[in-house]
Amino acid sequence: MKTKFLAIMLCACGITATAQQPIYKQASASVEDRIEDLLDRMTLEEKVGQICCPLGWEMYTKVSSDSVTISELFKKQMSAAPLGSYWAVLRADPWTQKTLETGLNPELSAKALNALQKYAVENTRLGIPILFAEECPHGHMAIGTTVFPTSISQASTWNRDLIYQMGKVIGLEARSQGANIGYGPVLDISREPRWSRVEETFGEDPYLTGCLGTAFVQGMQGDDIKDGAHVYSTLKHLAAYGVPRGGHNGNPADIGMRALLNEYLPGFRQAVEEGKAATVMTSYNSIDGIPCTSNSFLIDSLLRKQWGFEGFVYSDLASIDGVAETHHVAVDLQDAAVQSVKAGTDMDLGAKSYSTLVKAVKDGKIEEEYIDRAVANVLRLKFQMGLFENPFVSPERARQVVNCDEHKQLARQVAKEGTVLLKNNGLLPLKKNLKKVAVIGPNADVMYNYLGDYTAPQEREKIVTLLDGIKNKLPKAKVEYVKGCAIRDTTQSNIQAAVEAARKSDVVILAVGGSSARDFKTKYIHTGAATVAKDSGILPDMECGEGFDRATLNLLGDQEKLIKAIAQTGKPLVIVYIAGRPLNMNLAENVSDALLMAWYPGEQGGNGIADVLFGDYNPSGRMPVSVPRNEGQIPVHYSQGVQRDYMDSPGTPLYSFGYGLSYTKFEYSDMKLSAGDGGDVIQYITCTVTNTGKYDGEEVVQLYVNDEVSSIVVPALQLKGFKKIFLKKGESKEVTFALTRKDLSFYNKDLIFTAEPGKYNVMIGGASDNLPLKGSFVL
């Protein structure tokens, strides 16, 4: 009896203790009840603090190589108004002035975010935990993390499963250090190669972008965004940011409503509806005169009401300020803040404009209900992630997990699958009994030229350049390296030395292209975008990356001189482009024996490219963008259909979307069409693919659709399916695609999303300009 009585009393005490706790602190209460309870307890100042996201890298002080503490600036900001989110606390780069010495390793990073979180929970009135947002487009942008190839290279893999696994690793590494939100993927459709941020996108096509972007989101967030296993994903940038007027970053997008809905937003819609992306970021540009950050149609009507988005919306850094200062559609920052929060932008990245909202409410310029709506959207994710119950992470786990061997191998896999073979006259794959190899070029051994923009400083020993990769393959050969020239600067050229090395070699591997490598000499505007150097002296390599828009796509500096000089030696020549955007490849295509596009291949890029060069991996990369012959062709995306020739140039691109060679050959046959299942599937399309060559390898089978007659003008050709399959030499496989009603639907002249009756042509092949199988059906 005594034992039973004690149990009853303990249970009663537990119930009493729970009852005394505020509802928002009760894990058993519903998320909506917790939000309502917490909102009722918050002052206006505390509410506004929850929708502000300041810059974060000054919030910690590194005490020693193994200890870190919170900064006085952080304490000051939190005492003024406890803040809802911080951006890029762990970011390190020349803009933040955080180096390998002053920045944090993964274990210290976890300790730093734990310390900041502990202060927020224990030293603010309501103890609301912080959402830490970090840049994660191709790896967590922090010291010591795994640096994957940039997104344009990821897209070249055409491999959903691989991108899912990569997203999972990125989310795991970020979360293990204490981050809650990962900025990425970038789903902007890129059809303007002069634009500086092509490297961050999945290319020119909405279908490919949607499929890979959704896989990335699902990997980062885990199977359930509520499980807390990884991080919330942030889709960037809503909307049409990748087609700026003149190629200038942030310029208006000159597109109509139907083009916006049918071509530039499907990837976002898929990542929201299927991927359940938890956050979205607005873009700097305007569309039809309306800044995207204060565009209620985009954010409220479309994203929330039509697509069912349930998370919250970040502004891009200072893009709310830009409503007034760039677009001039607001009289001041307070007006810009009012417009933006009413439109549905919940969180001010930069925290300058929304800090004016307390006064705006008190002066009657905006109703408090708009603030409550935004705060509720932010709190919802905090409750769903379980931050109120468990806001901390294990520093020891961060040390063990981040950049482990398994993650390095995955980075290598993405690098080799993302490398595209554009030309091969039989020189590749190279034999491993080569005696003398010349490795030449500005991108043969400059580590940061492999990593792309949004990359933190990394230790040299963890980065594998092309020179490193070739030496790994040929430990007994004489491998001679000569840089030859720089990317941009012409005062460093030594082309004659490169020629002499080439003449002594059995084969030349020449690495040219571009660079998004930031240095500490480059100046940056307040958003972190680089400014083009105007002063004299040695030019940095950087010609790509945010802020480095270009008027020409030609190779810069003395690179074309170097190519011509090496070609004139008559030695077998492999040219590898390492770059962040499609560049002029006409000369390289003419004089090389083999030509590859490796984009920015990440920390294992040298090994990945070498795997392809020496036949340890049969190239399977396919182009996610079209490569123009010159700037005058732009735009040149495949969905325009066949373009007539210019007076002085062919109308076709040099390399088309979907194009890429293999060391083996694939034949397509036996195309069959059959009616759908009576539900959402309209048509099944089946074909047989056979490996008729001498090597095992992977083929990317691509399905395209043409709507023969439609009520509005639609793209002449549209990708609507792809599958990457492995075939042993001599093997055949049957591949089946299921075309759904959604695949055939578009926004018609009444802006109704529908699939119209009529004749549809379907085509299957290995590239958008190589579609041997053709058929049609009537809907």
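Q: Where is Pro-635 found?
A: In this predicted model, Pro-635 sits in the loop between α22 and β19 (666-675). The peptide bond leading into it from Ile-634 is cis, with omega near 0°.

Q: Which other residues does a cis peptide bond join?
A: Gly-184 and Pro-185, with omega of about 5°. Pro-185 belongs to strand β6 (residues 181-186).

Q: Why are α7 and α8 called oblique to each other?
A: Take the angle and set it against the cut-offs. Helix α7 (residues 160-176) and helix α8 (residues 206-221) pack at about 40°. Angles under 35 degrees count as roughly parallel, and 65 to 115 as roughly perpendicular. The pair fits neither class, so α7 and α8 are oblique. Their axes are 6 Å apart, and the crossing is right-handed.

Q: What makes the contact of α7 with α8, by class, nonpolar, polar or charged?
A: Count by class: 10 nonpolar, four polar and two charged residues. On the α7 side, the contact includes Arg-160, Ile-163, Tyr-164 and Met-166. On the α8 side, Tyr-207, Cys-211, Leu-212 and Phe-216 are among them. Tyr and Cys count as nonpolar here, and Gly as polar. So Tyr-164 and Cys-211 are nonpolar, while Gly-167 and Gly-219 are polar.

Q: What makes α18 oblique to α22?
A: Helix α18 (residues 466-473) and helix α22 (residues 605-613) pack at about 50°, with axes 7 Å apart. Roughly parallel needs an angle under 35 degrees, and roughly perpendicular needs 65 to 115. The angle meets neither condition, so α18 is oblique to α22. This crossing is right-handed.

Q: How do you know which residues of α18 meet α22?
A: Contact means heavy atoms within 4.5 Å. In α18, Leu-466, Gly-469, Ile-470, Asn-472 and Lys-473 make it. Their partners in α22 include Gly-606, Asn-607, Ile-609 and Asp-611. By class, this contact has five nonpolar, four polar and two charged residues.

Q: What makes a residue part of the lining of the largest pocket, and how many residues line it?
A: A lining residue has an atom within 4 Å of a pocket point. The largest pocket has 43 of them, around a volume of about 860 Å³. Closest to its centre are Tyr-207, Pro-266, Lys-720, Lys-742 and Asp-743. The lining divides into 22 nonpolar, 10 polar and 11 charged residues. Elements that each supply at least two residues include α8, α9 (257-264), β22 (718-727) and α23 (741-744).

Q: What is the phi of Trp-158?
A: Trp-158 has a positive phi of about 50°, although it is not a glycine. Trp-158 lies in the loop between α6 (151-156) and α7.

Note on methods:
Residues numbered from 1 in each chain as written. Predicted model: local features only at pLDDT ≥ 70, side-chain atom pairs only at ≥ 80, totals over all residues. Heavy atoms only, no water. Axes fitted to C-alpha atoms, helices over the stretch in contact; angles between N-to-C directions. Helix = DSSP H or I, 4+ residues; strand = E, 2+ residues; numbered from the N terminus. Parallel < 35°, antiparallel > 145°, perpendicular 65-115°, else oblique. Left-handed = near helix turned anticlockwise from the far one by under 90°. 1 Å grid on protein atoms, 1.4 Å probe; cavity = no way out; pocket = protein on both sides within 12 Å on 5 of 7 lines; lining within 4 Å. Points joined across faces, edges and corners; volume = space filled by probe spheres on them.
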